[in-house]
Amino acid sequence: MKPKPSCEHLSEVDKHRKPNTRGCEECLKMGDSWVHLRVCLTCGHVGCCDSSKNRHATNHYISTDHPMVRSLERGEDWGWCYVDQAFFEPLG
Ligand SMILES: [Zn+2]
Ligand SMILES: [Zn+2]
Ligand SMILES: [Zn+2]
């Protein structure tokens with residue numbers, strides 16, 4: 001087992017932030033599709049993952065500096081910190 005990465009952002013965000021929308025906000029506006037969804041734990045923005053062609057979750061981090069997302073996929077309970085490049089599973 002790898003030691004837990006240190007991440008100061010985990011204590012700053014709302015791990016149970018409710019998603020603002022049911023799908024990727026930008027893709028919904030563009031009429032585009034996505035593969036998986038990530039929710040921003042700072043503002044509740046929903047964006048698509050890096051397997052999606054538009055990568056709106058990563059774009060959201062780049063444009064806002066909101067550090068963490070969690071998976072919105074059913075049965076998945078992990079978070080990702082863009083700043084520390086670290087996974088947290090389960091996120092709790
Ligand atoms: Zn972090
Ligand atoms: Zn998208
Ligand atoms: Zn955000």
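**Close-up 1. C40 and the site of the zinc ion (ligand 3) in the predicted model.** At 2% relative accessibility, C40 counts as buried, and the model in which this residue is seen is a predicted one. Through its SG atom C40 is one of the donors of the zinc ion (ligand 3), which is also coordinated by C43 (SG), H60 (NE2) and H66 (ND1), at 2.0 to 2.3 Å. The 4 donor atoms subtend angles of 104 to 113 degrees around the zinc ion (ligand 3), so the arrangement is tetrahedral. Along the chain these donors follow the spacing C-x2-C-x16-H-x5-H. Because C40 lies in strand β1 and H66 in the loop between α2 and β3 (68–71), the pair ties together parts that are 26 residues apart in sequence.

**Close-up 2. H60 and its surroundings in helix α2.** The histidine H60 belongs to helix α2, which covers residues 56–64. Is H60 buried or exposed? With a relative accessibility of 10%, H60 counts as buried. When residues up to four places away in sequence are not counted, H60 touches C40, C43, H45, D65 and H66; of the residues in this view, C40, C43 and H66 join H60 in coordinating the zinc ion (ligand 3).

**Close-up 3. The site of the zinc ion (ligand 2).** Here the zinc ion (ligand 2) is coordinated at 2.0 to 2.3 Å by the SG atoms of C24, C27 and C48 and by ND1 of H56. The angles among the 4 donor atoms run from 102 to 118 degrees, and the site is tetrahedral. In sequence, the donor residues of the zinc ion (ligand 2) show the spacing C-x2-C-x20-C-x7-H. C24 is buried, with a relative accessible area of 0%, and C27 is likewise buried, with a value of 0%. Leaving aside neighbours within four places in sequence, C24 is in contact with W34, L37, V46, G47, C48 and H56.

**Close-up 4. The site of the zinc ion (ligand 1).** The protein donors of the zinc ion (ligand 1) are C7 (SG), H9 (ND1), C81 (SG) and D84 (OD), which lie 1.9 to 2.3 Å from the ion. Why is the arrangement around the zinc ion (ligand 1) tetrahedral? The 4 donor atoms subtend angles of 106 to 115 degrees, and this makes the arrangement tetrahedral. The donors are spaced C-x1-H-x71-C-x2-D along the chain. Since C7 lies in the segment before α1 (25–30) and C81 in strand β4 (residues 79–81), the pair ties together parts that are 74 residues apart in sequence. C7 is buried, with a relative accessible area of 17%, and C81 is buried as well, with 0%.

**Close-up 5. Nonpolar cores and cysteines.** In soluble globular proteins, nonpolar side chains tend to be buried together. The largest nonpolar core of this model has 14 residues, and those with the most contacts inside it are C7, C24, L41, M68, C81 and F88. Strands β1 (37–40), β2 (46–48) and β5 (86–88) are the elements that give two or more residues to this core. Apart from it lies another core, of 6 residues, which includes A57, Y61, V69 and W80. How many disulfides does a search of the whole structure find? The search finds 0 disulfides, while C7 and C81 are donors of the zinc ion (ligand 1) and C24 is a donor of the zinc ion (ligand 2).

Definitions and conventions. Residues numbered from 1 in each chain as written. Chains lettered and ligands numbered in written order. Predicted model: local features only at pLDDT ≥ 70, side-chain atom pairs only at ≥ 80, totals over all residues. Heavy atoms only, no water. Donors = N, O, S within 2.8 Å, 3.2 Å for Na, K, Ca; no water. Tetrahedral: all angles 85-135°; square planar, octahedral: opposite > 155°, others 65-115°. Buried < 20%, exposed > 50% of the residue type's maximum accessible area, 1.4 Å probe, protein only. Helix = DSSP H or I, 4+ residues; strand = E, 2+ residues; numbered from the N terminus. Core = buried A, V, L, I, M, F, W, Y, C linked by side-chain atoms within 4.5 Å. Contact = heavy atoms within 4.5 Å. Disulfide = S-S within 2.5 Å.
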